[in-house]
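User: Hey, I've got a chain open here and I'm new to this. Can we walk through it together?
Analyst: Sure, put it up and ask away.

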Amino acid sequence: MRASSVDAAILDVLNAHAPGHLTAAQVYEQIQPRLPAVNPSTVYRALERLAKNGRISVSDMGSGAAVYEAFSDPPHHHLVCQRCGRVEMLSHQQVQSLFSGIAAEYGYRIVTNHLVLFGVCPACQESDEGIEP
């Protein structure tokens with residue numbers, strides 16, 4: 001099986017689920033009917049290659065497995081609740097000043113295009129009221 005056909009199938013799946021995130025196993029399940037000869041290791045290698053080449057993003061969203069996503073234009077970022085798993089999407093504009101400040105202070109050219117920040121959402125904070133830290 002040609003790598004280009006596996007890559008194309010993966011990009012199709014990720015674009016169809018945008019702006020969602022899929023694990024490697026979920027990507028494999030989605031492309032299996034289209035490419036029945038493909039095996040999970042081929043999908044894992046293709047995902048790694050696509051991420052390394054800047055075609056997709058790979059992130060830790062706190063679920064215990066890496067998740068993959070097609071890049072969006074403009075880019076977006078996430079807030080993830082460490083307690084309940086709630087995910088909020090942040091626009092690139094909302095974090096651009098953070099990136100600019102870091103670049104200015106440290107001299108780095110920021111290449112992050114998918115930032116994931118972890119915290120505790122308002123609902124989980126409310127349920128914690130009265131609990132001593």
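User: Let me start with a detail: which residue in E6 does His78 stand opposite?
Analyst: That's Val116. Keep in mind that this is a predicted model.

User: Okay, and how do E4 and E6 pair, parallel or antiparallel?
Analyst: Parallel, over four bridges, with E4 covering residues 76-81.

User: What holds paired strands together in general?
Analyst: Backbone hydrogen bonds do that job, in either a parallel or an antiparallel arrangement.

User: What's the strand order in the sheet with E4 and E6?
Analyst: The order is E5-E4-E6, an open sheet of three strands with mixed pairing. E5 (87-91) and E6 (116-119) are the edge strands, and each of them pairs on one side only. From one strand to the next, the twist averages 25°.

User: Which helix packs on that sheet?
Analyst: Helix H4, residues 92-106, which touches E4 and E5. The direction of H4 makes about 70° with that of E5.

User: Let's zoom out. How many helices and strands are there?
Analyst: Five helices and six strands. Along the sequence they come in the pattern α-β-α-α-β-β-β-β-α-β-α.

User: How much of the chain is buried?
Analyst: Buried residues are 29% of the 133 residues. The chain exposes about 8400 Å², and carbon and sulfur atoms supply 52% of that.

User: And what box do the C-alpha atoms fill?
Analyst: Roughly 55 × 40 × 20 Å, taken along the principal axes.

User: What about the sheet with E1 in it, what's the order there?
Analyst: E1-E3-E2, another open sheet of three strands, this one with antiparallel pairing. E1 (22-23) and E2 are at the edges with a single partner strand each, so one side of each has no neighbour in the sheet.

User: How many bridges join E1 to E3?
Analyst: Two, and the strands run antiparallel, with E3 spanning residues 66-70. If you want a pair to click on, Thr23 has Val67 as its bridge partner in E3.

User: I noticed Glu69. Where is it, and is it buried or exposed?
Analyst: Glu69 is in strand E3. Glu69 has a relative accessible area of 1%, so it counts as buried.

User: What does its side chain make a polar contact with?
Analyst: With the side chain of His114, at 2.7 Å. Leaving aside neighbours within four places in sequence, Glu69 is also in contact with several other residues, including Leu14, Pro19, His76 and His78.

User: How far is Glu69 from His17?
Analyst: In sequence they're 52 residues apart, while their C-alpha atoms are 8.2 Å apart in space.

User: Ser57 is on the Glu69 contact list too. Which strand is Ser57 in?
Analyst: Strand E2, residues 56-60. Ser57 counts as buried because its relative accessibility is 4%, and the cut-off for buried is under 20%. Beyond its neighbours within four places in sequence, Ser57 is in contact with Val67, Tyr68, Glu69, Phe71 and His114.

User: Last topic, helices. Which residues of H2 are buried?
Analyst: Ala24, Val27 and Ile31, in a helix that runs over residues 24-31. These three cover an arc of only 60° around the axis, which puts them on the same side of H2.

Methods: Residues numbered from 1 in each chain as written. Predicted model: local features only at pLDDT ≥ 70, side-chain atom pairs only at ≥ 80, totals over all residues. Heavy atoms only, no water. Buried < 20%, exposed > 50% of the residue type's maximum accessible area, 1.4 Å probe, protein only. Arc of directions from axis to C-beta. Contact = heavy atoms within 4.5 Å. Pairing = 2+ DSSP bridges. Axes fitted to C-alpha atoms, helices over the stretch in contact; angles between N-to-C directions. Areas by Shrake-Rupley, 256 points an atom, 1.4 Å probe, with all protein chains shown as cover. Polar contact = N/O pair within 3.5 Å; in protein donor to acceptor, adjacent residues only side chain to side chain.
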